[in-house]
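I set out to record how the strands of this predicted model are paired and connected. My entries follow the order in which I looked things up.

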Amino acid sequence: MLAGKRILLLISGGIAAYKCLDLIRRLRERGAAVRCVLTQGGAQFVTPLSLAALSEDKVYSDIFSLTDESEMGHLRLSQEADLVVVAPATADMLAKMAQGLASDLASTLLLATDKDVLVAPAMNTRMWEHPATQANMKTLAARGVLSVGPAEGALAEGEVGMGRMSEPLEIVAAIESYFGAEAPLAGRRAIVTSGPTYEAIDPVRFIANRSSGKQGHAIARALAGLGADTVLVSGPTAEADPPGVEVQHIESAQQMLDTCMASLPADMAVCAAAVSDWRVAKEADQKLKKDAKGTPPRLALATNPDILANLAGAGNARPALVVGFAAETENVIVHAQEKRERKGCDWILANDVSPATGTFGGETNRIHLISETGVEDWPRLSKDDVAQRLARRIADHFARAA
Ligand code: C5P
């Protein structure tokens, strides 16, 4: 259920911080991605190195770090998360949250985020029972902050009482129940294509294109995030395998086609790959040699199969919803409508890449969703937001069709 979910974990300074290491493992086992923000106090109890090793991501800790701010500002950290979890949440951190203080990276993030927040309080019994902490918890609950625990049990100073942080699996259960209402694609299978294809000329050379795979990978992550059992068939890219997604790495268009067809049956297919239109008709067995006169070899090309059209034409095995992309520079809608008919798919996401829009090679897309019923114009969105919006649109489609 947590496949593809991105958890931003804020670790404040309490002895319970050691449990975070296990929490990260448990979340990762379930397919979630975890990114950690460590307060100065938290760093007294766990090291950035252990957190980085377990989360397999950079650990963020200092709001004034110029490199972190330029690479990954505090706003982006929360934008790229599906849920913010504060564990352990110390009395001090809860007080900062209630007061709206922004005195370090974690508290600034909490003040700036528009994502839901789950706190797992951990402190000594008297601190927990103090009217100030109780009032802070009430304030936070009234603002919609979710909480898990604390529990009763042995506390750090040899005392027994209320204030012990919930165990990692209890926190995982709280996170799962938060997302539980959010798995509209559970039980459905998705195939997503992404990235470029490499078409071999000989054992060392190939024809390729500049596709980054960002959009396709984001779509696979978003569909898995809504509970779909997702297969991502990807050409070579620098993108990391999305958590909770079955990734099939391929190189050529023919391999992409074979892998997609072998991944059927599926409920939906989204073709975001930039498949090479041509391949070299006959791949040379040996590296092509320069001849003495320096005459370049002649490469005869053959046309590659169209994967989108093959999936859309897969007869009984055709996914119920087949979605393709169209990058156009002029008459965007008309050309995309023609493409939809020609390839036999259900939806085309037409992307205006004319130089005037600044889309080409950029981080944002301006999409027109073309379906049987007409055209929907989306605002200019980041590739991640396009993916989220598409995944929700697909979930609505299946909900309506059911
Ligand atoms: O024909 P064009 O390349 O513009 O079509 C783009 C759409 O078709 C994209 O969804 C792309 O992933 C898909 N496509 C494909 N196989 C090809 C060529 C394009 O799946 N050989």
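**Strand pairing and crossovers**

I began with the partner of Val37, and found that its bridge partner in β3 is Tyr60. I then checked the strands concerned: β2 and β3 (residues 59-60) run parallel and are joined by two bridges. For the connection, I noted that β2, helix α2 (residues 48-55) and β3 make up a β-α-β unit, which is right-handed.

Next I turned to the other pairing of β2. Six bridges link β2 to strand β1 (residues 6-11), in the parallel sense. Within this pair I located Ile7, whose bridge partner in β2 is Val34. I followed the chain from β1 through helix α1 (residues 19-29) to β2 and recorded a right-handed β-α-β crossover.

I also asked how many residues of β2 (residues 33-38) are buried. The count is five of six, so I entered the strand as mostly covered.

**The eight-stranded sheet**

I looked up a further sheet, an open one of eight strands with mixed pairing, and wrote down its order: β13-β12-β9-β14-β17-β18-β19-β20. At its edges stand β13 (246-249) and β20 (374-382); each has a single partner strand, so one side of each lacks a neighbour in the sheet. For the twist, I noted that neighbouring strands of this sheet are turned against each other by 20° on average, with direction ignored.

Lastly I examined one pair inside this order. Strand β18 (residues 347-352) pairs with strand β19 (residues 364-371) in the antiparallel sense, over four bridges. There I found Leu349 opposite Leu369 of β19.

Definitions and conventions
Residues numbered from 1 in each chain as written. Predicted model: local features only at pLDDT ≥ 70, side-chain atom pairs only at ≥ 80, totals over all residues. Heavy atoms only, no water. Buried < 20%, exposed > 50% of the residue type's maximum accessible area, 1.4 Å probe, protein only. Pairing = 2+ DSSP bridges. Right-handed = clockwise from strand over helix to strand, strands pointing away. Axes fitted to C-alpha atoms, helices over the stretch in contact; angles between N-to-C directions.
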